[in-house]
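Dear colleague,

I am passing on the structure below, and my notes on what turned up in it follow directly after. Please read them with the coordinates open beside you.

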Amino acid sequence: MGRIQLKSVTKSFGDVEVIPPLDLTIEDGEFTVFVGPSGCGKSTLLRLIAGLEDITSGSIDIDGADATDVPPARRGLAMVFQSYALYPHMTVRKNIAFPLRMAKLDQAEIDKRVEGAAAVLNLTDYLDRRPGQLSGGQRQRVAIGRAIVREPAAFLFDEPLSNLDAALRVGMRLEISELHERLATTMIYVTHDQVEAMTMADKIVVLQAGVIEQVGSPLELYRTPRNLFVAGFIGSPKMNFIEGPEAAKHGAHTIGIRPEHIAVSESEGDWSGVVSVSEHLGSDTFFHIHETGLAETITVRADGEVGFRHGDRIHLTPRADVIHRFNAKGLRIE
Amino acid sequence: MATQHSRSVARLMMAPAVVLLLGWMLVPLTMTLYFSFKKYLPLRGGDLGWVGFDNYVRFVSSSSFWPAVQATLVIVGGVLVITVILGVLLAMLLDQPMWGQGVVRILVIAPFFVMPTVSALVWKNMFMDPVNGLLAHLWRLFGAEPISWLSEASMTSIIMIVSWQWLPFATLILLTAIQSLDSEQLEAAEMDGAPVLKRFYHIILPHLSRAITIVILIQTIFLLSIFAEIFVTTGGAFGTRTLTYLIFQRVLESQNVGLGSAGGVYAIILANIVAIFLMRIVGKNLDA
């Protein structure tokens, strides 16, 4: 069980209000990702849920019971920290067993649960090592192990993959997703990486300056971003925004078109421009097009085989059905 | 990079420092050993020839030897216990954000800058004086009979004075150690259900173990040879005669350089025994 409900929660540090009144419900078993640029309050929000920071006003319910004034240890939540926060002087076994020892479980039960967690996380061979002797990915798994032995109502992850190298990050991403499938426990995951958000989440909460910009499934956010911020934040490469007469043609202040929704051609198209930089990823190529008369740069995603070079003048055609329209306030026009 | 050539040049250039340090250490050590085997009474005939191990036997068989060793160990142990415990507590207190933090920290460190002689005299005359001392006034305020600290509680007094001097050092080292503790570890422990005392015991104390080791080792080196505090307060009376003070008395008051030198050699041996014990107990914290 792990249904978490935030009711008009606010947080101020001194005079600075970092989180204006905010309502959010996280359903039981849901994988929720808080995503936003750094300093948007996503980590603060997670710490409020964990109880590591006191909320200024409002209330937090966990499983229907008011947990606003419940100390962190008794909220039944487990957290995985960005720095892993392993206890360096304890072996892996003792690290994982620590919450159980604090809960005064008997030794046989502790051993059983630690062995179980170690088996799930492939840590059995490392139980007697210290954190300092482990690689980044292994440390990450120990931190997760320490969280799962408690059998918490929900897991909180604070940018857990940001200290890993790219290859390992992809691997751990899968492992965490698999863990969620297996445990079916509520997970709240904070990240600034929209790829992590898109690939892992059941529900994404996009935050900016402490305000929820949009809540929805990854594809909802991708297909129908509610405003310019979400449109620009979700999707990689970033959506192209075009203002002025071209937007007015569509009856909008700004139109947005994703790089993957623009077709390129040598000879004909609605728009034209000059290729400046092309990024070849093998499977795809990203072209940065200048001199279109529409915006500073238009990014286009094309097939990896398309071979335009720097300085080539090419033609672009947007797919009409996926043009996003926004009004002067930056809100979506349906 | 380090070729054969550059290595030999490096050795050559380090040589003066090494020779100087070696000389600095070896000359006094050799002289102490040399005098310890001689009967040497500067005011009563000077060098009276070799006497073998006579000085060593006399120094140990003197009735003041074992009490002096005991006094030394009690002072070192007492000061270590007080400074480490209070140092940890003060460090944790100073680590809390508060108004005027910078000034408070400087004030806490201040006693370390006071010369031992001066601080001992200040304690003796301003605090511990049985008639006009602040402590005497405090005792009288509560209607109690003032204690003449330095004669009735001489050992306690010396330990108090020395602890006051060394507490800043311990606090400073432990404060820097505590500041390097990752706050996420404490938060993780909090989420894991560890209450305040258990967080201290399981997280903060192990984190400080290395700093505590360093404090203990460094302080022991200096505390084994404290002298000024005893010289200006009790003058070695009332059971406060340490090994260092006994050697001083043998050399300067009895004018017996040979006997004092033998005592010096014993002091070296005592220091090494203490060092071996300490390294056994706390030295493993310095590994890894």
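Over residues 4–234 of chain A in this predicted model, the chain is 36% helix and 26% strand, and the C-alpha atoms at the two ends of that stretch are 25 Å apart. These residues are covered by the annotation "domain: ABC transporter", which comes from an unreviewed UniProt entry. The domain assignment divides chain A into domain 1 (4–230) and domain 2 (237–326), and the centres of domain 1 of chain A and domain 2 of chain A, taken over C-alpha atoms, are separated by 38 Å.

Turning to where the chains meet, 15 residues of chain A are in contact with 13 residues of chain B. On the side of chain B that touches chain A, helix 9 (183–191) and helix 10 (196–223) each supply at least two residues, and the largest share, six residues, comes from helix 9 of chain B. By character, the residues on this side of chain B divide into six charged, five nonpolar and two polar.

Within chain B, the axes of helix 5 (residues 116–127) and helix 8 (residues 154–179) come within 10 Å and cross at roughly 130°; the two helices of chain B are therefore oblique to each other, and helix 5 of chain B passes helix 8 of chain B in a right-handed crossing. To this contact helix 5 of chain B brings P116(B), S119(B), A120(B) and W123(B), while helix 8 of chain B brings I161(B), W164(B) and Q165(B). The residues of this helix 5 and helix 8 contact in chain B divide into five nonpolar and two polar, with no charged residue.

With best wishes

Note on methods
Residues numbered from 1 in each chain as written. Chains lettered and ligands numbered in written order. Predicted model: local features only at pLDDT ≥ 70, side-chain atom pairs only at ≥ 80, totals over all residues. Axes fitted to C-alpha atoms, helices over the stretch in contact; angles between N-to-C directions. Helix = DSSP H or I, 4+ residues; strand = E, 2+ residues; numbered from the N terminus. Parallel < 35°, antiparallel > 145°, perpendicular 65-115°, else oblique. Left-handed = near helix turned anticlockwise from the far one by under 90°. Contact = placed C-beta atoms within 7 Å. Nonpolar A, V, L, I, M, F, W, Y, C, P; charged D, E, K, R; others polar. UniProt positions renumbered as here; feature names shortened; annotations may be inferred. Domains from an automatic or database assignment.
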